[in-house]
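Welcome! Please look over the sequence and the structure below, and then read on for a short tour.

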Amino acid sequence: MSENTITFEIDGVEVQGTAGQTIMQAADVAGIYIPRLCAFDGLEPFGSCRVCTVKVNGRFQSACTQPIAEGIIVENDSEELLELRRNLVDMLFVEGNHFCMFCEKSGNCELQALAYRLGIAAPKYPYMFPADRNVDATHKDVFIDHNRCILCARCVRASRDLDGKNVFQFVGRGPQKRIAVNSRARLVDTDLNVTDKAVEVCPVGAILTKHVGYSIPVGKRKYDHTPIGADIEANKK
Amino acid sequence: MSENLESVVKTICEGFSNEKSRMMDIVREVQENFGGVSDDAMDLIAKQVQTPRVEVESVVSFYAFLSKEQHGNVVISLCDDIIDRMFGFERIKGVFNEALGIDVGETTEDGSITLETAPCIGMCDQAPAVMVNNEIFTEVSGDTVTEIVEQLRDGVAPERLRRRLGDGNNSNPLVSAAVSNNIRKEDEVIFAPLTCGNALKKAIAMSPNEVIRDIKTARLRGRGGAGFPTGMKWDFTRGAQGEKKFVICNADEGEPGTFKDRVILTERPQLLIEGMVIAGYAIGAEEGIIYLRGEYNYLRPYLEDTLQKARNSNMLGTNVMGKEGFNFDIRIQMGAGAYVCGEETALISSCEGLRGDPKNRPPFPAQKGYLGYPTSVNNVETFCCVARILDQGAGWFSQIGSKGSTGTKLLSISGDCRRPGVYEVPFGIKMTEVLEMAGGEGAAAVQVGGPSGQMIGPDDFERTICYDDLATGGALMIFGPKRDLLEVVEYFMEFFIEESCGYCTPCRVGNVLLKQRLQKIMEGKGEPSDLAYLEDLGNSVKSTSRCGLGQTSANPILSTLKNFRPLYEALVKEDQPFQPTFDIQKALGVAKGIAGRSSMHFAE
Ligand SMILES: Cc1cc2nc3c(=O)[nH]c(=O)nc-3n(C[C@H](O)[C@H](O)[C@H](O)COP(=O)(O)O)c2cc1C
Ligand code: SF4
Ligand code: SF4
Ligand code: FES
């Protein structure tokens, strides 16, 4: 065992990681799933959705940004934390217009899959039904539906760090915060390409590719039979 | 695209060496020159500093003082704070509406004057207050409004508007503000007479580590709200790896009800500068930044002049006060209307020319702050304490106040009291004593520490002001028995919604949901279960938010549910009639408009 090894505990189970890892990264390797929406393998941690909230030595922290440290006690799968995560997922549902039954992403959507995994049948908060979210379908191969955006910044980070392009960035603040594109208004006026990583990483149906709708039928999609996080839990020894 | 725009934008960008980290200064100047940062201007700036255009828009759309839309040459901002609402906001708004013929959010037909509102501009002790571009008017009456509008109509520039100058340096030609200091009580740390340079001389005669040791011995804790031990913060910053280090003074003072830093900046800027130079010496920094809130722009010429005088007397510059190898200078960074920028990592983002989003921690600013270098961010008052500690001794300082909270504290007192203003008091003072001093004995409630703090009632007035009991950055808002406290709570929630950066889910969404449910209760439509809903939701926002704003934004509701529960209980009742959460007629509005008839299935 190298001197970089760090030993700590998640829900009473001893976990080993290497210095510099986040709690989420070390948990993934150990086969322990911590729910997430904004975090994505290969992208810099962002820390916006907060569904990865865990308790570290009794204090709330986001597992995707918090580095591991020797001897820390992490709580992940407690009823208190599950309830907080349900509340956060609920908030994301009521904040936008998520009509899963009409959405091409249904079955492949991480927000929907996480809601199922957490046992949410219907949100407990009232829907806000925002009327100011539009759709930009100007690009020939890709469209953005702002009704479904959860402001996770995966597209921002992927475009900047993986595609080297900066197609996306946030504008506005507070409840008026939105994703914008690097042109006066339209996606078609940017240098986005359908093969860009930025298009692929969107966890919900906000950035979608045209011309391929329903090529995999509902019922045979990624989360239709296996819950979100199952791939990580398969790492468990 | 006008040639003028092109050449002016180019000149402005070049003035900041086409440096994107100076984006705040660039867009502020463009806004000042053209009344807005238009699409054309954003394209030009992006090209000139070589950054994606959307990055420019990202900054412009974040700050309240910046806008894509064209504003008038004159922007009138009415301070819409809760205290201003109590002392005549609606009345003077009405007079402005009438005199200008426009509503808030509009610009006069000739395009010359825009009317806006702003959250607390730091004048609660002299409400109602109004900003006309950079000029501030306080205790504004209907007559003052008429007079201002008449002069503006006659083409008088805002800086030449007639005004009654305030006391002290408010009358200094470089300030010339109609603002009062209202210093009601002076004590020995902040408002004692000043001997410039003594503290710094003593500091540079010691080693940096000895200076930090003195600050630790004095047990100085931060005055900005969080109360972190200053010596410890400096130790971390000094010990961190980095080619360069920075000292930042947090003069954002955005917490509604707080205005004591404004008075320090007006009357004791020399003390602040001295404290910053000492900090630079202690942590090994050569550069300091004063982050000044946009609302205090009227103090800028005076502060620039004070910095220049410090340079002339070698308190700033190379080999400061003859100390070989110790160089230090300070620049002012203007903010542009964002409360969250008082949060230290958001403040750093803003200094770097970015949107004022807080950063993920760790790394903490002491490890990786401004431009990635170790940085110590401290409050205005904290730096002043530092200078006094070095001058008068750590032992002297630690004798003042109480055991866990040494020294004095400046309080900003406003609301229902006879003597609103700034009070310097030793830590450990009782709330009853404070209320007596301020002439607010009949208070029904006191908001301690601004909206992010807590509201307490008479049962708690025997408690003391210090870090271990009633901790506060200094704001005390007093509410008399006739005030509707839930209206106050509602205003505070509006404030947080307006000021949330929107980065994280709980703060962006949760605060809106909290306010909705509070309003339902205030309308008499609430049920007892709504109180549990507020508590559960409030605690979720508190527990999962990413920065101090969201972690405290539910406090107005949570603290009143705890301390003033009967107010809520009186409004809720069991078995309310069915209340739809969805307005079908509103939803059908667009379709009905297109069809030109009402729905066959959903009769109105
Ligand atoms: C939303 C928010 C606003 C804040 N505003 C201010 C402010 O206006 N001035 C200030 O000194 N500290 C403010 N703080 C606290 C700063 O983050 C930081 O703790 C402080 O500047 C450190 O200085 P100190 O240690 O000298 O108190 C704010 C914190 C939050 C979360
Ligand atoms: S468009 Fe998709 S990837 Fe981008 S912020 Fe919105 S939800 Fe996230
Ligand atoms: S809590 Fe979250 S949304 Fe609110 S100001 Fe902080 S980072 Fe922004
Ligand atoms: S996954 Fe950690 S905050 Fe989103």
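## Where the chains meet

Chain B and chain A bury about 3,500 Å² between them, and carbon and sulfur atoms give 56% of that area. Buried area here is the accessible area (1.4 Å probe) that two parts lose on being put together, summed over both. Three residues, B:V54, B:Y503 and B:R508, supply 17% of the area that chain B buries against chain A, more than any other three residues. The contact (heavy atoms within 4.5 Å) takes in 46 residues of chain B and 39 residues of chain A.

A word on reading the model: it is predicted, with local features needing pLDDT of at least 70 and side-chain atom pairs counting only at pLDDT 80 or more, while totals for chains, interfaces and linings use all residues. Residues are numbered from 1 along each chain as its sequence is written, chains are lettered from A and ligands numbered from 1 in the order in which they are written, and side-chain values use heavy atoms, leaving out hydrogens and water.

## Two ligand shells

A residue belongs to a shell if one of its heavy atoms lies within 4 Å of the ligand. Ala, Val, Leu, Ile, Met, Phe, Trp, Tyr, Cys and Pro count as nonpolar, Asp, Glu, Lys and Arg as charged, and the others, Gly among them, as polar.

| Ligand | Residues around it | Nearest residues | Classes |
|---|---|---|---|
| Ligand 2 | 13 residues | A:C149, A:C152, A:A153, A:C155, A:C202 | 12 nonpolar, no polar, one charged |
| Ligand 3 | 13 residues | B:C501, B:C504, B:C507, B:C547, B:G550 | eight nonpolar, four polar, one charged |

## A covered helix

Helix 18 of chain B covers residues 485–499. Helices are DSSP runs (H or I, at least four residues), numbered from the N terminus. Of its 15 residues, 12 are buried, among them B:L485, B:Y491 and B:E499. Buried means under 20% relative accessible area, exposed over 50%, and partly exposed in between (1.4 Å probe, protein chains only). At the N-terminal end, B:D484 acts as a cap, with a side-chain oxygen 3.0 Å from the backbone nitrogen of B:L486.

## An exposed histidine

A:H225 sits in helix 6 (residues 222–225) of chain A. This histidine counts as exposed because its relative accessibility is 68%. A:H225 and A:G107 are 118 residues apart in sequence, yet 9.2 Å apart in space, C-alpha to C-alpha.

## Two cis bonds in a row

The peptide bond from B:R361 to B:P362 is cis, with omega near -5 degrees. The bond from B:P362 to B:P363 is cis too, with omega near 0 degrees.

Methods:
Helix = DSSP H or I, 4+ residues; strand = E, 2+ residues; numbered from the N terminus. Expected span 1.5 Å × (residues − 1). Polar contact = N/O pair within 3.5 Å; in protein donor to acceptor, adjacent residues only side chain to side chain.
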